[in-house]
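Got the model open in your viewer? Let's take a walk through it, one selection at a time.

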Amino acid sequence: MVKFQKQLEAQLVAEWRNAYVNYKQLKKDIKQIRHHIASREQHPVTNTAAFNKHSPSSSLIIHHCKADKNGGGGKEMVYETELVCGQVQWTEYDRVFFSRLDSQLNMVDKFYRAKEKEYLVRGKQLQVQLETLIDTKRALATGKVYDRSSDQEIDIEDGESDGGYRGKGSKNNDAFGVSRPKVGHAEKMLRAAFTEYYKALTLLQNYSSLNTLAFAKILKKYDKVTGKSVMDIYLREVQSSSFSTSSDKVLSMLEKVENLFTTHFCKNNKRQAMNSLRPSPHQNSNRKIFSLGLFTGCSWGLILALVLAVCQPHIASYVISKSFITSVLPILSTSILIPFHIYMYGLNVYFWTRTRINYAFIFEFEPGTELRSLEVVTISTGLFTIAVTSIVAHLLLFPMGKIIPITIFMVILLFVFLPFDICYRSARFYFIQCLWRILCAPLYKVEFADFFLADQFTSQITSFRSLGYISSYHASHIFHSNPDNSVCSSPFIHFQYIIAVLPYWWRLMQVVCEEVGGRERPCTNCKWGKVSVCAYSSIDKT
């Protein structure tokens, strides 16, 4: 059975770590109480009735009162436990334990109330943005503006402009002076905002459940060690606190978000809405593990065959000469560098997951579409196996195998651009979108994923230069007439320098885009600060 402390560490939100019950410290306090009891060799048996909270002779009284805990003059409602000396003997260790327990309860309660208030405001903002989006789409479709104050629709005359509104006679802009692509972009952003809001509410609900369970577990341990029956009394106060009683309010907000999302973003398709709001977690399927093991075994076997071919030149049909080392090998090694780079990214994902870094949110992946380290490493190992196979085949089949290098790159391109819903299509298409924005810089706003990928390209200059070798290899046919000739004699060799400069050029264009017009402007319609957070700004009349 997994200990609760490890369960708590595995399920807590990393950003809220300091707001959870310090279960480890409370266990240390109980351990000190156990040592104290063992040293005195006293195990008192307490009458359970003496701990009735409403009894005059109660030995444990929990006050819920206003107190100035910060010393700033502002009073807030806090919980304070009073240990009454009567039938039960309290030690200094007991007082330290309950003092710390009270501070933990007050901290959790205060944090929950602050987060609940924040999410209520955020929910109202999202609802206002959704109503604005609905009105804008209605105006674009009908040419009428819906006035919610009077519950009437107002016609917009052609050519008339009032307060930033344009008539439906405009070719590029309809009502509100907003183009349809801009409204579509706003709808996409608002959909993502609702998804993140739903996830935040779910985390807040889990926060309440985990802390309630933590209080129950630690009090049960205390009762077991001391023989006192204080668990029921203290848990009644815990269950009446804000973070426990307000969970019903969070459930109602979750239900409201589900209904709004189903109606306005999924065309009343409840299953589709829940798949978007609650993406199924990744599972370590046996197929993925089997594929990883198969590719790993095949790659090691092929590496052994490559070593034998290099050490025993008579095995290969093509004698390994200096020209092979300087020309053919760089071409084929490119197909190894790419899988190796993907493998390093898989290690990054592994350590991000171990340190609880929400990389899916940072890179703005669609919920449930992000690749885990196992999946990334499986892809890189499969590509590496294909690359080593190509090198061995080139040695054994030359000159018939001279088309192998370009064939390998065609296989990689086919894997990336395959339109079918196999081999992680959502991740591949996301990569294509980022690549397109990089190629077209500075025409698109630079997002974090674009910057990250372009920065990685600058570390792959060797691979880009090898593309010049590949173009020379197939365009000039120098190996067809004279296999020992060097690639450097090809008239196309200068093309490699142009390709090698491209990653730096793309990165420069991204910097220009950020400096000139790619920065996010402040949102003037809500308090969320940035346009990427507030969908309302995408349909802002100003």
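**Stop one: an exposed aspartate and its partner**

Select Asp421 to begin: at 59% relative accessibility, Asp421 counts as exposed. On this scale, exposed means over 50% relative accessible area, buried means under 20%, and partly exposed is in between (1.4 Å probe, protein chains only). Before going further, note that this is a predicted model, where local features need pLDDT of at least 70 and side-chain atom pairs count only at pLDDT 80 or more, while totals for chains, interfaces and linings use all residues. Residues are numbered from 1 along each chain as its sequence is written, and side-chain values use heavy atoms, with hydrogens and water left out.

Now add Arg425, whose side chain meets that of Asp421 in a salt bridge (3.8 Å, N to O). A salt bridge here is a side-chain nitrogen of Lys or Arg within 4 Å of a carboxyl oxygen of Asp or Glu. Arg425 counts as partly exposed, at 31% relative accessibility.

**Stop two: a buried pair beside a cavity**

Next, select Asp450 and Arg437. Their side chains form a salt bridge, 2.7 Å from N to O. Asp450 sits in helix α15 and Arg437 in helix α14 (residues 425-439), so this pair links distant parts of the chain, 13 residues apart. Helices (H or I, at least four residues) and strands (E, at least two) are DSSP runs, numbered from the N terminus. Both Asp450 and Arg437 are buried.

Keep those two selected and add Ile438, Ala441, Tyr444, Lys445, Val446 and Gln510: together with Arg437 and Asp450, they line the largest cavity. How much space lies in it? About 40 Å³. The structure holds 1 cavity of 30 Å³ or more. For the record, a cavity is a set of points on a 1 Å grid over the protein atoms alone where a 1.4 Å probe fits but cannot get out, and lining residues have an atom within 4 Å of a point. Grid points are joined across faces, edges and corners, and the volume is the space filled by probe spheres set on the points.

**Stop three: a nonpolar patch**

Stay with helix α15 (residues 448-457) and pick Phe448, which belongs to it. Phe448 counts as partly exposed, at 38% relative accessibility. Add Ile357, Phe361 and Ile362, and you have the makers, with Phe448, of a nonpolar surface patch of about 360 Å². Patches are made of residues with over 30% relative accessible area and no salt bridge; nonpolar side chains (Val, Leu, Ile, Met, Phe, Trp, Tyr) are joined within 5 Å, like charges within 9 Å.

**Stop four: helices α2 and α3**

Jump to Asp29 and Arg100, a salt bridge with its closest N and O atoms 2.5 Å apart. Asp29 lies in helix α2 (residues 23-40) and Arg100 in helix α3, so the pair ties together parts that are 71 residues apart in sequence. Which of the partners is buried? Asp29, at 4% relative accessibility; Arg100 is partly exposed at 27%.

Then click Thr91, in the loop between β2 (76-83) and α3 (92-142). Thr91 is buried, at 16% relative accessibility. Neighbours within four places in sequence aside, Thr91 is in contact (heavy atoms within 4.5 Å) with His36 and Arg40.

**Last stop: zoom out**

Select Glu258, Lys270 and Arg278, which are linked in a network of salt bridges. A search of the whole structure finds 12 salt bridges. The chain has 18 helices and 4 strands, and 41% of its 542 residues count as buried.

Key. Areas by Shrake-Rupley, 256 points an atom, 1.4 Å probe, with all protein chains shown as cover. 1 Å grid on protein atoms, 1.4 Å probe; cavity = no way out; pocket = protein on both sides within 12 Å on 5 of 7 lines; lining within 4 Å.
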